[in-house]
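Please look over the sequence and the structure shown below before reading on. The notes that follow are grouped by topic for use at the bench.

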Amino acid sequence: MFNMKNKQMIRLAMGLLVIAFSLLPYIMMAQNEPGDPCGGPGLPACPIDGGISLLLAAGVGYGVKRYRDARKKDKAATV
């Protein structure tokens, strides 16, 4: 299905993506002063609601999935 050249190209592309996404936070923070990630004095504090909301939603989704899988497993064991 994949020959050696295609596998090497895929590995190269994945490596470049990993490097690019690793450097992305440094590029995004370039406008702020070092040691001051949210702005200067007089500016509002860093908003943390968006990230926490996403983590909570992901945790709830994962919990529901685990619960459903456990119920299916128990139902299959009793039948």
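In this predicted model, the secondary structure of the chain consists of two helices and zero strands. Of the 79 residues in the chain, 1% count as buried, and the chain exposes about 7,600 Å², with carbon and sulfur atoms supplying 69% of that area.

**Helix α1**

- Helix α1 covers residues 4-28, and its 25 residues, at 1.5 Å a residue, should span 36 Å, which agrees with the 36 Å that separates its end C-alpha atoms.
- Within α1 there is a kink of about 30° at S22, and this kink lies shortly before the proline P25.

**The nonpolar surface patch**

- M9, L12, L16, I19, L23, Y26 and I27 form a nonpolar patch on the surface, and together these residues have about 770 Å² of accessible area.
- One of the patch residues, I27, is found in helix α1 and is exposed, because its relative accessible area of 54% lies over the 50% cut-off for that class.
- As general background, an α-helix has 3.6 residues a turn, so residues three or four places apart point the same way.

**The salt bridge in helix α2**

- The count of salt bridges comes to one, and it is formed by the side chains of K65 and D69, which meet at 2.8 Å, N to O; this counts as a salt bridge because the distance is within the 4 Å cut-off.
- K65 and D69 are separated by about one helical turn, because they lie four residues apart in helix α2, which covers residues 49-78.
- Both partners of the bridge are partly exposed, K65 with a relative accessible area of 48% and D69 with a relative accessible area of 36%.

Key
Residues numbered from 1 in each chain as written. Predicted model: local features only at pLDDT ≥ 70, side-chain atom pairs only at ≥ 80, totals over all residues. Heavy atoms only, no water. Buried < 20%, exposed > 50% of the residue type's maximum accessible area, 1.4 Å probe, protein only. Areas by Shrake-Rupley, 256 points an atom, 1.4 Å probe, with all protein chains shown as cover. Patch = residues over 30% accessible without salt bridge, like charges linked within 9 Å, V, L, I, M, F, W, Y side chains within 5 Å. Expected span 1.5 Å × (residues − 1). Bend = angle between axes of the 7 residues up to and from the residue.
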